Amino acid sequence: PTTTNAVTPPESIAEKRNSAVIAYFIQGEGLLGQAVVVDSQYSATDLINFLIEGLALDDTASGLRSGLAQRADLIDEVLVESNIVRLKLSLQFNELPGIEQILVLGQITLTLVTNLEISGVEFFQNESVLVVPDARGQPISRPTTRSDYVELLLKS
């Protein structure tokens with residue numbers, strides 16, 4: 001008797017493609033960019049989920065951490081409207097100490113602005129734009145940009 005095995009076509013090259021992005025993590029009272037590999041078709045939600053998933057054990061030993069690690073409860077919704085990411089923060093965000101709020105906002109803003117074709121990140125709660133602190137603790141009522149948190153890169 002003859003046996004015939006079906007040939008399984010190899011995965012397409014497109015399915016195997018990955019991209020390197022720069023994700024920002026907290027180190028002390030500053031932020032440090034790390035190159036990480038993600039799927040080639042990533043979105044704002046994918047980047048936020050990556051920050052929520054946290055770092056590998058090797059990275060946490062170096063003092064790096066994500067302010068969103070295991071804290072999916074801090075973010076209720078991620079919307080992309082034109083060239084702005086609108087991020088709805090939960091009321092639990094208000095319970096974070098001031099410096100931790102600044103570090104988390106900086107981590108989110110720098111990660112999204114660096115890797116997506118957007119001009120800024122707008123934070124909101126209860127359908128209203130949220131006034132958030134910049135790196136120096138000064139209130140911002142417009143979408144946050146790289147320049148609002150870039151000085152946190154010098155503190156790591």
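## An exposed turn residue

Asn 126 is exposed, its relative accessible area being 56%, and over 50% is what counts as exposed here. The structure you are looking at is a predicted model. Asn 126 sits in the loop between β6 and β7, and its phi is near 50 degrees, a positive value in a residue other than glycine. As a reminder, most residues other than glycine have a negative phi.

Let's look at what this turn connects. β6 and β7 form a hairpin with 2 residues between them. The two strands run antiparallel and are joined by 2 bridges, with β7 covering residues 128-129. Across this pairing, Gln 125 stands opposite Ser 128 in β7.

## Strand β6, covered on both faces

How many of the residues of strand β6 are buried? The count is 6 of the 6, for residues 120-125, so the strand is largely enclosed by the rest of the structure. On one side lie Gly 120, Glu 122 and Phe 124, and on the other Val 121, Phe 123 and Gln 125; every one of these is buried, so both faces of β6 are covered.

## The parallel neighbour and its crossover

β6 also pairs with strand β5 (residues 84-89), this time in the parallel sense, over 5 bridges. Within that pairing, Leu 87 is found opposite Phe 123 in β6. To get from β5 to β6 the chain passes through helix α4 (residues 98-115), and the resulting β-α-β crossover is right-handed.

## A second positive phi

Gln 70 is another residue to inspect: although not a glycine, it has a positive phi of about 60 degrees. Where does Gln 70 lie? It belongs to the loop between β3 (64-65) and β4 (75-81). Gln 70 is exposed, with a relative accessible area of 65%.

## The chain as a whole

Stepping back, the chain contains 5 helices and 9 strands. Read from the N terminus, its elements follow the order α-β-β-α-α-β-β-β-α-β-β-β-β-α.

Of the 156 residues in the chain, 42% count as buried. About 8800 Å² is exposed by the chain, and carbon and sulfur atoms supply 50% of that area. Among contacts in the chain with a separation of 6 or more, 55% come from residues 24 or more positions apart.

Methods. Residues numbered from 1 in each chain as written. Predicted model: local features only at pLDDT ≥ 70, side-chain atom pairs only at ≥ 80, totals over all residues. Heavy atoms only, no water. Buried < 20%, exposed > 50% of the residue type's maximum accessible area, 1.4 Å probe, protein only. Helix = DSSP H or I, 4+ residues; strand = E, 2+ residues; numbered from the N terminus. Pairing = 2+ DSSP bridges. Right-handed = clockwise from strand over helix to strand, strands pointing away. Contact = heavy atoms within 4.5 Å. Areas by Shrake-Rupley, 256 points an atom, 1.4 Å probe, with all protein chains shown as cover.
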